[in-house]
Amino acid sequence: MPQTVKGVIARSKGAAVELTDIVIPDPGPGEAVVAVEACGVCHTDLHYREGGINDDFPFLLGHEAAGVVEAIGEGVTEVAPGDFVILNWRAVCGQCRSCRRGRPEICFATHNARQKMTLTDGTELSPALGIGAFVEKTLVAAGQCTKVDRADAAAVGLLGCGVMAGFGAAVNTGGVKRGDSIAVIGCGGVGNAAIAGAAIVGATTIIAVDVDDRKLEGAQRFGATHTVNSRDVDAVERIRELTGGHGADVVVEAVGRPETYEQAFYARDLAGTVVLVGVPTPDQQVTLPMIEIFGRGGSLKSSWYGDCLPSRDFPMLVNLYRQGRFDLDAFVSEKIGIGDVEAAFAKMHAGEVLRSVVVMDGGQ
């Protein structure tokens with residue numbers, strides 16, 4: 001039987017979110033219903049509320065989540081009821097040309113649940129990133145559920161988006177390895193995850209760049225060896241000074257603005273790598289001299305979801321967390337109730353938190 005639960009929606013562009021009743025259908029073929037335990041409040045949810053993704057209102061917000069599988073539909077073999085899972089927004093198909101050539105992490109045909117969750121009047125909801133997890137229970141494609149060892153849902157749920165994006169930008173996309181230097185521009189949740197990833201794999205010079213001294217201080221907790229406030233100094237020159245005059249082997253741009261991308265481009269060493277993981281708006285453009293692109297060599301890359309493969313990366317990162325080697329707890333600024341999402345958006349916009357995390361027991 002369909003279930004009615006509480007969830008948070010954005011009904012129209014720019015309007016405050018609201019807590020309302022959501023109808024969750026029984027899972028169909030290839031689908032699963034997950035009882036959500038915790039869900040992070042991500043910038044992408046705010047983009048949805050502001051109409052920055054598309055206009056398919058009303059949206060069921062939330063996507064950075066962990067919980068327990070409650071029910072599965074026909075043909076589901078990936079998970080079973082009772083499994084503790086992290087939700088991912090890129091369920092790989094296994095059949096597209098990328099999957100067939102052994103690159104499922106860039107699957108070209110990722111999928112979501114076929115059925116729609118609705119309001120009680122039957123209005124269909126658009127789930128954020130195909131998940132919709134600011135809700136007590138959600139319906140997803142079974143492939144969006146990644147089984148992991150039981151851990152604190154508020155911490156490991158963040159692997160579902162921002163932390164994975166940052167870690168993967170440095171390690172998967174950027175290929176940072178032992179002994180490398182890396183600069184990370186933008187020290188929010190994604191940037192700090194890139195810093196943490198670089199530290200875990202053994203980078204020796206890890207430079208955090210931001211305009212906020214509070215964020216730079218926090219970046220040191222995640223493994224930054226040097227900090228640069230680009231309001232006070234030329235970030236490119238300072239990065240070069242800290243890397244023997246050469247520039248960093250890898251520069252991760254976690255802001256998504258033309259001026260910071262240009263900084264990243266010039267702050268890398270010859271044959272170095274720039275990784276764009278910050279999300280730009282559709283109107284933004286960057287102009288670079290082609291002779292510089294040609295003459296400096298190396299790679300200019302973008303990182304989509306940290307080029308992750310959830311089935312490979314989530315269990316590994318949870319194990320690192322359980323071993324005390326990856327401090328996911330440090331990303332959790334506060335635990336809140338499901339009715340506190342709008343206030344969390346305000347704190348996020350003001351730069352007061354890395355992550356507010358909705359916990360379904362009401363926060364603490």
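A salt bridge here is a side-chain nitrogen of Lys or Arg within 4 Å of a carboxyl oxygen of Asp or Glu. Glu259 and Arg257 form such a bridge, their closest N and O atoms lying 2.8 Å apart. The model is predicted. By this rule it holds 18 salt bridges. It also contains an open sheet of 6 strands.

**Sheet**
- The strand order is β13-β12-β11-β14-β15-β16, and the pairing is parallel.
- β13 (226–229) and β16 (299–302) stand at the edges; each has a single partner strand, so one side of each lacks a neighbour in the sheet.
- From one strand to the next, the twist averages 20°.
- β12 (residues 205–210) pairs with β13 in the parallel sense over 4 bridges.
- Ile207 stands opposite His226 in β13.

**Salt bridges with a buried partner**
- Arg103 and Glu105 meet through their side chains at 2.5 Å, N to O.
- Glu105 counts as buried because its relative accessibility is 11%, under the 20% cut-off.
- Arg103 is partly exposed at 37%.
- Asp313 bridges to Arg312, with the closest N and O atoms 2.7 Å apart.
- Asp313 is buried, with a relative accessible area of 4%, whereas Arg312 is partly exposed at 40%.

**Salt-bridge network**
- Arg49, Glu50 and Glu342 are joined into one network by salt bridges that share partners.

**The Glu259–Arg257 bridge**
- Glu259 is partly exposed, with a relative accessible area of 43%.
- Arg257 is also partly exposed, at 41% relative accessibility.
- Both values fall between the cut-offs of 20% for buried and 50% for exposed.

Technical notes. Residues are numbered from 1 along each chain as its sequence is written. This is a predicted model: local features need pLDDT of at least 70, side-chain atom pairs count only at pLDDT 80 or more; totals for chains, interfaces and linings use all residues. Side-chain values use heavy atoms; hydrogens and water are left out. Two strands pair if DSSP finds at least two bridges between them. Helices (H or I, at least four residues) and strands (E, at least two) are DSSP runs, numbered from the N terminus. Axes are lines fitted to C-alpha atoms, for helices over the stretch in contact, and angles run from 0 to 180 degrees between N-to-C directions. Buried means under 20% relative accessible area, exposed over 50%, partly exposed in between (1.4 Å probe, protein chains only).
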